[in-house]
Every structure is written in C-alpha cells, then in structure tokens.
Amino acid sequence: WSYALEKPNTGSIVNIAWSIDGTQLAAACGNGHVIFAHVVEQRWEWKNFEITLIKRRTMEVHNVSNDAIDLLEFRDRVIKASLNYGHLVVSTSLQCYVFSTKNWNTPLIFDLKEGTVSLILQAERHFLLVDGGGLYLYSYEGRLISSPKFPGMRTDILNAQTVSLSNDTLAVKDKADEKVIYIFEALSGKPLGDGKPLTHKTEIVEIALDQRGLTSERKIAFIDKNRDLHITSVKRFGKEQKIVKIGTMVQTLAWNDTSNILCGIQDTRFTVWYYPNTVYVDKDLLQKTLYEKDASGFSKNPQIVHFVGNQITIRRADGSLIHLNISPYPAILHEYVSSSKWEDAVRLCRFVKDQTMWACLAAMAVANKDMATAEIAYASIGEIDKVQYINSIKDLPSKESRMAHILLFSGNTQEAETLLLQTGLIYQAIQVNINLYNWERALELAVKHKTHVDTVLAYRQKFLEDFGKKETNKRFLQYAEGVSIPQN
C-alpha cells in the first residue's frame, strides 16, 4: 500500500537506495542533485498509549485515556522501536533508550555496539535486540543478560515471524535448515535441555512461544509450509514430546500477552484456541474449546499484529488495521486456575453459562489433577462416560493407581504403565494392557514378573471366544500349553 507521495523539483529520479536499517532513502536526480529522505509517521500502539514518530529524532506520546501528550527527543535518528509490556524500547544509530509508560521523562540509556538494530522483541521481564553482530537480551534496567549463539547464525534475515521470546525462553528458526528451531534459556543463553534443537518433518514458516505459566509447561506453536498449525512442549525430558497438529490452513498466529490463549486466522475463519493444552489432556475436547468467527472481511493475507488483553489487532493487505474483541471470561478462568481457585472457576462458568468455558475448565482440571472439578465440568457439557470414569478413579484404593488412571484418562498409556510398575502394582499394569487389548505387552509383563500369566491367557481366550476366532499368536499358544486356564 502507498504510505506517501512526494514530487521533488529535481527532474527525473534516476536511482534510489535504502540505508541498511531501512529508515533513510537516497535518490540520484536528473538535475545532478542527490536528495535524502527519512521515514516518519510510524505508529506504535499498546493499551491506552499511541506513539508517533513525527520527525526523525522526535516521538509524540499520546495517552488516549486522559489526552496527555509528551514529546520524546533523541540525539540521533530513530531506527527501530517497540512498545509492549509497559515499556517503550527505542534504538537510534548509537544508543538504546528504554522508557517506562509510567514515566516518560527519565529513560534508561545505554550505548549500542552496532547501530544497525533490525529487530526488537519484548517479553514481560526483558527484551531482545537483533543487529548485524548477534542476538542480545537486555533487562529493562539496561543490563545485558545473555547473547545466545547457534551454528550458521545469520541475524540479518531474522524477523518477528522467525524469532520468539518469552520470560524464560528464546526460540529462533534456523535459516540453513528450515525444519529446525533452536531453543535457548533466556537467562543463560545456553541451548535448552539436552541442547538438541526442535525438528519438524517439513519447513517451518512462523513460530510463537506462549507467555505465561511455568517454564516446565512452556509451549511453542508454529505454522509449517503446508499451513498446518502445530503445538509442542519446549522442555523435552529425554523422551520425544509429541508435536500435535491443532489447525489447518493457518495464515498467521499470536499468543495473548497475559494468558495462554492462542489466536489465528484459518482459511476464512478467525479462530481462538482458549486452552491449546487441551490437546495433551483430552483430544476430543479441543473442538469444544474453540471460538470461531467469519474472517472473510479481512481480505487476502491478513496479519495479526497484537493480541493484548481481550483485543486483537489485525492488519489487512491494504495496510488498514482492524480491531476485534473476544470474551474476557476465558482469561479470567486462566487466572483462577493458575492460582488454584477452583471454586471461583466453577462459579464463573456457572455465571457465564457457556459450553466453551466448561470444556476449558474440564481440560484445565484434568491437567492439574483436580478430578472433583473435572467431574462437575464434564457433567455440564454432557460427557457422561467421562464422569463415570472419573468416579471410578475416585474409588481406587491407592494414590499411585489413581494417578496412573488419570494419566490413562489423558491418553498417556506408557507413563501410566511405568508408574504402576515402579510402585509394584504389577497386576494393575497387566490389567491396563488387557483393557486396551495390548495382549502382547500384557503377556510380556506377566512372564517377566512371573505372575498372572494364567489370568492374561484366560482373558485372551474369552476375547477370542466372544469374536469366534482361533488363537494364532505363537507366544500365546506356547504358554497356553504349559498353563492350566481357570474356567469361569
């Protein structure tokens, strides 16, 4: 789209060139003059603040709640700026200024090694500067926290789609191999966990880290070349954490700044995943935790610019901004759950009377092992079979077996079996496999622990009789010969 039109009295413009930071333009003119131009009138918005670059070294801050106006003067021309999380970060050709939205008079100022800052990303506790030399994480007090590095790092091509920052984690998409995301600890700048990057099966287009919650539960969402939206855990404890697909035909995405709510534009629908973690807790519920709205009015290739509070800002292809509001209740529900106020959460859902909220609460309760709340929430959305299963879990005698069945409820069969075996509940581990028709594994466990082989064979025989089949599995035939099966 066209920002501005200038017609200087200099004859034809023969050649133009941008400065490396993209803020200045030089043009060679037909009458032998060289003209220099600067990009001004850039705007940044956050909550009740609107900031405009009115001259190349002056910004105007407009507080729309009380109509107060402040002017910020800089020694050198402004190259990049970012406004988020109550701070304005401005980089000029020599220095970086950090303003707090509570006080515009006394910025914190520090010198830059290179004046070519190409990207500023903010999180609640710190911000990232990207220049020609590398990635630098600073606190809002101006202290350098870390400077992460990875092999073949090219900082000139990094942008807001390929780098993401949260309070404890930094994720960067690799340019050499676009299927790889490098994940670093923000405070130390070292690769996270065992140091292996996250690898997907196809090229990745856009990445985003969630902003709230514990480090151990940090999630990363990304869109791949097929426009599928995936989500996975950042922490990987040796075992391969599942990368799960939660959306298709997704063009753009953004996490909320204060709660782990994800929004994106899918084909012709604007979608909000109120609790994306549902996919790890109860896959069937995911569809019930979505909010969808027609997005055909956004024209082609819209981009989500911000998702602050319950307001989403979307930029259309023609440059115009559209503001959307979503319900404030899911964010309040996230807040209650994160501080374990389960009664308040149930009360909120009863007040709002919305199936989506109950579905979110059900998933949150199972994730936090609060089965009493989960039972109320599942009953409210009519999932009677799950209510009965939760009731049967409550009646189990030992804490370990209850934990194992909660894991089973979320589909984590392997973890449930491991927990039962570690606590010596061999029969329950065998029974779990029988119930899931994992006959081979059930027999393997029984033989290994020299117990209940006859039980497994009896269940297997009854199963075959019910379906009118003959035993063909060699292992079962071999053990059946040596074991007498109790007749019911």
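The exercises below, each with a worked solution, concern a predicted model of one protein chain.

Residues are numbered from 1 along each chain as its sequence is written. Local features need pLDDT of at least 70, side-chain atom pairs count only at pLDDT 80 or more, totals for chains, interfaces and linings use all residues, and side-chain values use heavy atoms, with hydrogens and water left out.

**Exercise 1. Describe the protein chain as a whole.**

Step 1. Count the secondary structure: the protein chain has 12 helices and 30 strands. Helices (H or I, at least four residues) and strands (E, at least two) are DSSP runs, numbered from the N terminus.

Step 2. Take the extent: along the principal axes, the C-alpha atoms fill a box of roughly 105 × 50 × 45 Å.

Step 3. Take the burial: of the 488 residues, 47% are buried (under 20% relative accessible area, with a 1.4 Å probe and protein chains only).

Step 4. Take the contacts (heavy atoms within 4.5 Å): among those with a separation of 6 or more, 38% join residues 24 or more positions apart.

**Exercise 2. Work out the strand order and pairing of the open sheet that holds β1.**

Step 1. The sheet has 3 strands in the order β1-β2-β3, with antiparallel pairing. Two strands pair if DSSP finds at least two bridges between them.

Step 2. Find the edges: β1 (13-18) and β3 (34-38) each pair on one side only.

Step 3. From one strand to the next, the twist averages 20 degrees (axes are lines fitted to C-alpha atoms, and angles run from 0 to 180 degrees between N-to-C directions).

Step 4. Look at one pair: β1 and β2 (residues 24-29) are joined antiparallel over 5 bridges. One of the partners of β1 residues is C29 in β2, which bridges to I13.

**Exercise 3. Locate S166 and list what surrounds it.**

Step 1. S166 sits in the loop between β16 (163-165) and β17 (169-173).

Step 2. Its relative accessible area is 0%, so S166 is buried.

Step 3. Leave aside neighbours within four places in sequence; S166 then contacts A123, H126, L209, D210, Q211 and R218.

**Exercise 4. Identify the buried residues of helix α5 and the helices they pack against.**

Step 1. In α5 (residues 371-380), the buried residues are M371, T373, A374, E375, A377 and Y378.

Step 2. These buried residues pack against α3 (342-352), α4 (355-367), α6 (384-394) and α7 (399-409).

Step 3. Check the end of the helix: just after α5, G382 has a positive phi of about 75 degrees.

Conventions
Buried < 20%, exposed > 50% of the residue type's maximum accessible area, 1.4 Å probe, protein only.
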